[in-house]
Amino acid sequence: MKKTIFTYISVLLFVSFLMTPFTHAENTRATYPNSVSVEIYGKGLLWGLYFDKVLSDHIAVGIGLGRTGTQTSGGVVTETNASILPIYMNYYFSQNQGSIFLTGGANLVMNYDGVKDLKSTLGQYPFTQNMYPVLGFGYEHRSDLGFLFRITAYGFYTNSADDGPVKPWLGFHFGYSF
């Protein structure tokens, strides 16, 4: 059931992104170098709040706070949530308001002692370490009005023999740049 809901929400968000009319403008990252956004799924695994700062025409850095529910290896849902602090850098291949980018960083599990050896309820990501690297590739659009949309495909390093070394993931950012 959770996978079905996840699939429907993902398809709905992607279709709404495709239907959004985009106008062409030059380098809106320089015009609006700061942004605040909410990411569904993504680095926070379920949801996250983020702040980004553009450092140059091609580089931005950011920090966030994410949260997700947990479960045991047997699938029993716990009352404990994992608190995640993503720290990252984005490299943009274009200065246009719509650009493909690479992202890399680290996710710090702030309450690691409480979630050690548990998995996230969405995606069953194993919490086997208190910090794990995150890499991603995506598309960002910053409109002339400051609205921000980002879709990113991530690879989370899991350090887990049972789940494989890398877990693929998808994230959708919605925000405002100023």
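**View A. Lys-43 over the ring of Tyr-88.** In this predicted model, Lys-43 lies over the face of Tyr-88, 4.2 Å from the ring centre. Arg-29 does likewise with Tyr-92, at 3.9 Å from the ring centre. A charge counts as sitting over a ring if NZ of Lys or CZ of Arg is within 6 Å of the ring centre and within 35 degrees of the ring normal. Before moving on, a word on the model: residues are numbered from 1 along each chain as its sequence is written, and side-chain values use heavy atoms, without hydrogens or water. As the model is predicted, local features need pLDDT of at least 70 and side-chain atom pairs count only at pLDDT 80 or more, while totals for chains, interfaces and linings use all residues.

**View B. Strand 1 and its two antiparallel partners.** Here strand 1 (residues 34–41) pairs with strand 2 (residues 47–54) in the antiparallel sense over seven bridges, and Ile-40 has Trp-47 as its bridge partner in strand 2. Strand 9 (residues 164–177) also runs antiparallel to strand 1, joined by seven bridges; look for Val-38 bridged to Phe-174. Strands (E, at least two residues) and helices (H or I, at least four) are DSSP runs numbered from the N terminus, and two strands pair if DSSP finds at least two bridges between them. The hairpin of strands 1 and 2 has five residues between the strands, and Gly-42 takes a positive phi near 60° there.

**View C. Aromatic pairs across strands.** The whole structure holds 10 aromatic pairs, with ring centres of Phe, Tyr or Trp (its six-membered ring) within 6.5 Å; planes under 30 degrees apart are stacked, over 60 edge-to-face, and the rest tilted. Tyr-132 and Phe-156 meet edge-to-face, 5.9 Å centre to centre with 80° between the planes. This pair links strand 7 to strand 8 (residues 147–160), 24 residues apart, and both residues are buried (under 20% relative accessible area; exposed is over 50%, partly exposed in between; 1.4 Å probe, protein chains only). Phe-147 and Tyr-176 are also edge-to-face, at 5.8 Å and 70°. Phe-147 is partly exposed at 49%, as is Tyr-176 at 38%.

**View D. Two loop residues with positive phi.** Most residues other than glycine have a negative phi. Asp-117, in the loop between helix 3 (112–115) and strand 6 (119–120), has a phi near 70° and is exposed at 54% relative accessible area. Gln-124, in the loop between strand 6 and strand 7 (131–142), has a phi near 50° and is partly exposed at 28%.
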